[in-house]
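Please open the model in your viewer and set it to a cartoon view, with side chains ready to be switched on as the tour proceeds.

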Amino acid sequence: MEISLIGKHALVGGSSKGIGEGIARELARCGASVTVMGRSEGKLQILVNELDSSNGQEHHYLTTDMMHLERYKNDILEHLKKYPVDILVNNTPGPPPGFVGELRDEDYAKAFDLLFRTINFTTQAVTEHMKSTGFGRIINVTSVTIKEPKPELVLSNTIRASIITWAKSLSQELGPFGITVNSILTGYFDTERLEEVNRKKAERSGKSMDELQAEMAAQNSLNRIGQPEEYGYLVCFLASDKAAYLTGTAIPLDGGYLRSV
Ligand SMILES: NC(=O)c1ccc[n+]([C@@H]2O[C@H](COP(=O)([O-])OP(=O)(O)OC[C@H]3O[C@@H](n4cnc5c(N)ncnc54)[C@H](OP(=O)(O)O)[C@@H]3O)[C@@H](O)[C@H]2O)c1
């Protein structure tokens with residue numbers, strides 16, 4: 001099976017590093033033209049120059065801040081005027097941790113803007129073009145915690161669960177136009193965010209980073225943590241015409257972390 005995304009333009013949220021960067025690199029390897037997004041202009045510029053362009057495709061970057069919804073909306077609309085999107089990867093930064101008893105009403109409102117409203121806005125903004133071409137791919141980065149919630153990650157558990165049902169509804173609405181909508185339930189991936197989480201745990205527990213990394217890996221059936229490019233492989237498949245019959249799903253990509261079916 002060959003996956004070719006030549007002639008397609010992909011917009012990838014939160015992609016100056018981490019999972020988003022892994023996705024952007026693999027999409028470009030499959031021939032797509034990619035727009036990477038984030039706050040760090042320097043990193044985005046370097047990444048755009050490093051992305052595979054062996055199919056003659058051009059890549060772009062969009063500097064924006066998803067924490068400021070109105071600015072974000074303007075930035076997206078300006079970018080789409082120049083570069084209509086065939087493949088949208090909805091990847092936002094994660095919300096802060098917190099237990100139910102600690103979180104305030106405003107924390108939920110902020111997290112809803114970040115995790116739900118940015119995604120809904122971006123998706124609505126790209127679908128007209130997708131409808132006009134009869135092809136579109138919407139892929140949402142979510143988390144395994146929507147199936148097996150972690151008590152300290154209430155904002156993520158709660159609001160990301162709503163993305164899954166939103167995506168299912170949308171898949172039914174957009175299916176007749178040749179647009180698929182799928183979500184990925186993310187397990188542990190080797191990124192700066194994960195390193196930061198372990199660094200904080202190491203300070204609290206006195207354990208070394210290596211010990212904590214090994215404990216994390218041991219929670220997965222495959223006994224290791226995923227690499228960002230492995231995330232990219234699944235996204236490339238979902239983005240391709242080979243996945244034309246796959247929509248409305250929520251696929252765990254977690255090395256066997258989830259115990260439930
Ligand atoms: N890694 C894991 O094990 C794991 C597990 C479950 C779920 N997830 C979820 O997967 C997503 C990606 O995680 P990751 O590990 O790749 O995170 P990461 O390494 O921290 O990368 C986050 C990306 O988002 C961008 N970003 C951060 N704040 C932003 C903002 N305000 N506006 C625009 N862009 C922003 C960052 O770029 P700039 O700093 O340049 O803005 C970066 O490109 C997150 O939602 C996370 O909760 C990750």
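The tour below goes from the domains to the sheet, then to the helices on the sheet, and ends with the salt bridges.

Keep in mind throughout that this is a predicted model. Begin by colouring residues 9-187 together with 229-252 as domain 1, and residues 192-225 as domain 2; the C-alpha centres of these two domains lie 26 Å apart.

Next, select the strands, which form an open sheet of seven, arranged in the order 3-2-1-4-5-6-7 with parallel pairing. Its edges are strand 3 (60-63) and strand 7 (250-253), each of which pairs on one side only, and from one strand to the next the twist averages 20°. Within the sheet, zoom in on strand 5 (residues 136-143) and strand 6 (residues 179-186), which pair in the parallel sense over eight bridges; here Arg137 stands opposite Thr180 in strand 6.

Now add helix 1, which packs on the sheet and touches strand 1 (9-12), strand 2 (33-38), strand 4 (87-90), strand 5 and strand 6, with a direction that makes about 170° with that of strand 1. Helix 5 (residues 154-174) also packs on the sheet, where it touches strand 5, strand 6 and strand 7, and its direction makes about 160° with that of strand 5.

Finally, turn on the charged side chains: how many salt bridges does the structure hold? There are 17 salt bridges, and one of them joins the side chains of Arg25 and Glu50 at 2.6 Å, N to O. This pair links distant parts of the chain, since Arg25 sits in helix 1 (residues 18-29) and Glu50 in helix 2 (residues 41-50), 25 residues apart. Arg25 counts as partly exposed because its relative accessibility is 22%, and Glu50 is likewise partly exposed, at 45%.

Move on to Glu78 and Lys81, whose closest N and O atoms are 2.8 Å apart in a salt bridge. The two residues are separated by about one helical turn because they lie three residues apart in helix 3 (residues 69-82); Glu78 is partly exposed, with a relative accessible area of 45%, whereas Lys81 is exposed, at 62%.

For the last stop, select Lys207 and Glu215, which form a salt bridge with their closest N and O atoms 2.8 Å apart; Lys207 is partly exposed at 34% relative accessible area, as is Glu215 at 37%. Then select Glu195, Glu196, Arg199 and Lys200, which are linked in a network of salt bridges.

Technical notes
Residues are numbered from 1 along each chain as its sequence is written. This is a predicted model: local features need pLDDT of at least 70, side-chain atom pairs count only at pLDDT 80 or more; totals for chains, interfaces and linings use all residues. Side-chain values use heavy atoms; hydrogens and water are left out. Domain bounds come from an automatic or database domain assignment. A salt bridge is a side-chain nitrogen of Lys or Arg within 4 Å of a carboxyl oxygen of Asp or Glu. Helices (H or I, at least four residues) and strands (E, at least two) are DSSP runs, numbered from the N terminus. Buried means under 20% relative accessible area, exposed over 50%, partly exposed in between (1.4 Å probe, protein chains only). Two strands pair if DSSP finds at least two bridges between them. Axes are lines fitted to C-alpha atoms, for helices over the stretch in contact, and angles run from 0 to 180 degrees between N-to-C directions. Contact means heavy atoms within 4.5 Å.
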